[in-house]
Amino acid sequence: MNPPLKYNPDGLIPAIVQDTASKRVLMMAWMNESALRMTLASGQMHYWSRSRQKFWLKGETSGHTQKVVRWFVDCDADTLLFEVEQVGGACHTGFQSCFFQELDRLGEAVTVVEQRVFDPETTYQPT
């Protein structure tokens, strides 16, 4: 890879994901080298879950997939930006974007005006 990517000490790099049509930031997740390779090979976003310590394909349980349109590396080569075609909502709480909660200047939550695009209770069944 040119430039060589700079992974953190845990072997991870942040991936910011943006809707290619609206340019809205949908989410941020972590990738390791294998997740990046799987993403580039399949054209679908794959991530590394720090909490579960395993790979995950976006949409594997919800059907809300992310098809890679193009990707970028920042000037320090330590953060990735992916433009994707998002199917359904990106946030596991049912919103289009994980960035639905606005804060005021004091850091207090503003009333959420955005509507959920899916019901997480019916989308994610307990395993």
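What follows is a walk through the sheet, the main pocket, the salt bridges and one late helix of a predicted model.

The sheet comes first. Strands of a sheet pair through backbone hydrogen bonds, and they can do that either parallel or antiparallel. Here there is an open sheet of 4 strands, and its pairing is mixed. Reading across it, the strand order is 2-1-6-5. That leaves strand 2 (25-31) and strand 5 (66-73) at the edges with a single partner strand each, so one side of each has no neighbour in the sheet. From one strand to the next, the twist averages 30°.

Zooming in on one end of that order, strand 1 (residues 13-19) pairs with strand 2 in the antiparallel sense, over 6 bridges. One pair to look for on screen is Ala15 and its bridge partner in strand 2, Ala29. Strand 2 also has a helix lying across it: helix 1 (residues 33-42) runs at about 125° to this strand. Helix 1 lies across strand 5 and strand 6 (80-86) as well.

Now for the empty space. Rolling a probe the size of a water molecule over the atoms shows where such space is left. The largest pocket has a volume of about 490 Å³. It is lined by 23 residues, and the closest to its centre are Met27, Arg52, Trp56, Lys58 and His92. Strand 2 turns up again here, giving the most to the lining with 4 residues. Strand 3 (46-49) and strand 4 (54-57) also give two or more residues each. As for chemistry, the lining divides into 12 nonpolar, 6 polar and 5 charged residues.

Charged side chains matter for the next point too. Side chains of opposite charge can pair when their charged atoms come close. The count in this model comes to 4 salt bridges. One of them joins Glu83 to Lys23, with the closest N and O atoms 3.3 Å apart. Glu83 sits in strand 6 and Lys23 in the loop between strand 1 and strand 2, so the pair ties together parts that are 60 residues apart in sequence.

Last, the late helix. Helix 2 (residues 120-123) includes Pro120. Setting aside neighbours within four places in sequence, Pro120 is in contact with His92, Thr93 and Gly94. Pro120 and His92 are 28 residues apart in sequence, yet their C-alpha atoms are 6.6 Å apart in space. His92 has already appeared above, among the residues closest to the centre of the largest pocket.

How values were computed: Residues are numbered from 1 along each chain as its sequence is written. This is a predicted model: local features need pLDDT of at least 70, side-chain atom pairs count only at pLDDT 80 or more; totals for chains, interfaces and linings use all residues. Side-chain values use heavy atoms; hydrogens and water are left out. Two strands pair if DSSP finds at least two bridges between them. Axes are lines fitted to C-alpha atoms, for helices over the stretch in contact, and angles run from 0 to 180 degrees between N-to-C directions. Contact means heavy atoms within 4.5 Å. On a 1 Å grid over the protein atoms alone, a cavity is a set of points where a 1.4 Å probe fits but cannot get out, and a pocket is an open set with protein on both sides within 12 Å along at least five of seven lines; lining residues have an atom within 4 Å of a point. Grid points are joined across faces, edges and corners, and a volume is the space filled by probe spheres set on the points. Ala, Val, Leu, Ile, Met, Phe, Trp, Tyr, Cys and Pro count as nonpolar, Asp, Glu, Lys and Arg as charged, and the others, Gly among them, as polar. A salt bridge is a side-chain nitrogen of Lys or Arg within 4 Å of a carboxyl oxygen of Asp or Glu.
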